[in-house]
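User: I should like a close look at one part of this model, set in the context of the rest of the chain. Please keep the answer connected rather than giving a list.

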Amino acid sequence: MNDKKKKLVISDKVWLLISFLVALAVWYVLSISEKTGRSFPFAPSVFEGLKTMVERDALFSDFCSSMLSVIMGFGLGFITALPMAFLMAWYTPVRKIIEPWINFIRNIPALAYAPLIVIMLGIGRTPSVVLIWICTFMTMCVTIFHGIRNIDNTLVKAARVLGANDVDIFFRITLPATVPFILTAVRLGLSAALTTLLAAESTGARAGLGMRIRTLQTTFETNAMLGYIILIGIIGTLLSILTDKIERRLTSWQEKREG
C-alpha cells in the first residue's frame, strides 16, 4: 500500500513538472509573438521588472500592505459569515430575510461598488478591507449555509429523541459535520479575497499589489505588472495548499471511517 502511495506521489510530481514545462512553453510563445509579446514578456524580463520594484522599495511594502488587507478583510468575513450561516440554516425567518439580499449582492462585481465604498469611507486601507470583507462574507456564508442544510436531519431528530438540547446538537452533530464545508468556505473565501484585491486597492489605496498593478498599467511597465500578477497567483496557490493540509488533518477521522 505504501509503495502504491509513493508511486502515486511520484506520478503527481512528474505531471506537475510536465504541466509547468508546458506553461513555460506557452508563455515563451506568447512572449515572442508580435501581438502578445508586449503584454506577456518572458521570465527574465519579469524578474528584471520585479528587481526594479525592489530597488524602488515598493515590492515588499506592497506585499505587506495587501496581505494585511486580505487578513483583516478575510477575518471579518469569516467571523461574520459563520454565525450568519448557522442562523440562516436554523431559523427560517432569518433565511427568508437575508438570503435574497446575499444572492443579489453576490451577482454584482466588486469593481462596480468599490467607488461607492471609497466615497463613503475615504482613501486608505479601510475601503479595501471593507470590500474584501463583503466579498468573502458572501462566498463563505453561502458555502457554510448549504453545508449545514446538507446534514442528515435523521441524526438531529434521533438526538432530540434521546434528550439532546440545541447546544448538544450543535457541538456534537452540526459542527463536526460542517467542518469540511467550513474549510471549503475558507478556501473559497481566500480565493475571493485575492480576486477582489485589484478592485479593493485600485480605487483609494495608497499601497498594495492591486494598487501597484493599476499604477504600472498607466506607465506601461508590463514586466513588473506581470510579475505582480504572477505573485498574486503564487500567494493564492500557497494558501490553497495550506488549507488542503489543514483540511486533511481536521477531517482525517472521516477518511479512517471510510477506510
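What is the relative accessible area of Arg 187, and does that make this residue buried, partly exposed or exposed?

Analyst: The model is a predicted one. Within it, Arg 187 has a relative accessible area of 22% and is therefore partly exposed. The class follows because buried would require a value under 20% and exposed a value over 50%.

The partner of this arginine is Asp 244, with which Arg 187 forms a salt bridge whose closest N and O atoms are 2.6 Å apart. Two distant parts of the chain are linked in this way: Arg 187 belongs to helix H8, which covers residues 166-202, Asp 244 belongs to helix H10, and 57 residues separate them in sequence. Asp 244 has a relative accessible area of 26% and so is partly exposed as well.

This bridge is one of three salt bridges in the structure. A second joins Asp 62 to Arg 212, at 2.6 Å from N to O. Here too the pair links distant parts of the chain, Asp 62 lying in helix H3 and Arg 212 in helix H9, 150 residues apart. Asp 62 and Arg 212 are both buried. Arg 187 and Asp 244, by contrast, are partly exposed, at 22% and 26% respectively.

In the third bridge, the closest N and O atoms of Arg 56 and Glu 221 are 2.9 Å apart. Arg 56 lies in the loop between H2 and H3 and Glu 221 in the loop between H9 and H10, so this pair ties together parts that are 165 residues apart in sequence. Glu 221 is partly exposed, because its relative accessibility is 25%. Arg 56 falls into the partly exposed class too, with a relative accessible area of 45%.

The loops that hold this third bridge deserve a further remark on their backbone. Most residues other than glycine have a negative phi. Asp 57, however, has a positive phi, near 60 degrees. This aspartate is placed in the loop between helix H2 (43-55) and helix H3 (59-90), and its relative accessibility of 65% means that Asp 57 counts as exposed. The other loop, between helix H9 (209-218) and helix H10 (222-250), contains Phe 220. Phe 220 likewise has a positive phi near 60 degrees, and at 61% relative accessibility this phenylalanine counts as exposed.

Helix H3, which supplies Asp 62 to the second bridge, also holds Ser 65. Ser 65 counts as buried, because its relative accessibility is 10%. Once neighbours within four places in sequence are set aside, the residues in contact with Ser 65 are Arg 125, Glu 201, Ala 207 and Gly 208. One of these, Glu 201, falls within the residue range of helix H8, the helix of Arg 187.

The aromatic residues give a further view of the same helix. There are four aromatic pairs in the structure. One of them is the stacked pair of Phe 74 and Phe 78, with ring centres 6.4 Å apart and an angle of 20 degrees between the planes. Both residues lie in helix H3, where their spacing of four residues amounts to about one turn of the helix. Their exposure differs in class: Phe 74 is buried, because its relative accessibility is 15%, whereas Phe 78, at 23%, is partly exposed.

Trp 101 and Phe 104 provide a different geometry: their ring centres are 5.8 Å apart and their planes meet at 80 degrees, so the pair is edge-to-face. These two residues are three apart in helix H4, residues 92-106, and hence about one helical turn separates them. Trp 101 is exposed, because its relative accessible area is 56%. Elsewhere, Trp 27, Tyr 28 and Phe 42 make up one aromatic cluster.

Finally, the surface includes a nonpolar patch formed by Val 14, Trp 15, Ile 18, Val 22 and Val 26, which together have about 470 Å² of accessible area. Val 26, one of its members, is in helix H1, residues 2-32, and at 45% relative accessibility counts as partly exposed.

To return to the residue in question, Arg 187 is partly exposed and joins helix H8 to helix H10 through its salt bridge with Asp 244.

Conventions:
Residues numbered from 1 in each chain as written. Predicted model: local features only at pLDDT ≥ 70, side-chain atom pairs only at ≥ 80, totals over all residues. Heavy atoms only, no water. Buried < 20%, exposed > 50% of the residue type's maximum accessible area, 1.4 Å probe, protein only. Phe/Tyr/Trp six-rings, centres within 6.5 Å; stacked < 30°, edge-to-face > 60°. Salt bridge = Lys/Arg side-chain N within 4 Å of Asp/Glu carboxyl O. Contact = heavy atoms within 4.5 Å. Patch = residues over 30% accessible without salt bridge, like charges linked within 9 Å, V, L, I, M, F, W, Y side chains within 5 Å. Areas by Shrake-Rupley, 256 points an atom, 1.4 Å probe, with all protein chains shown as cover.
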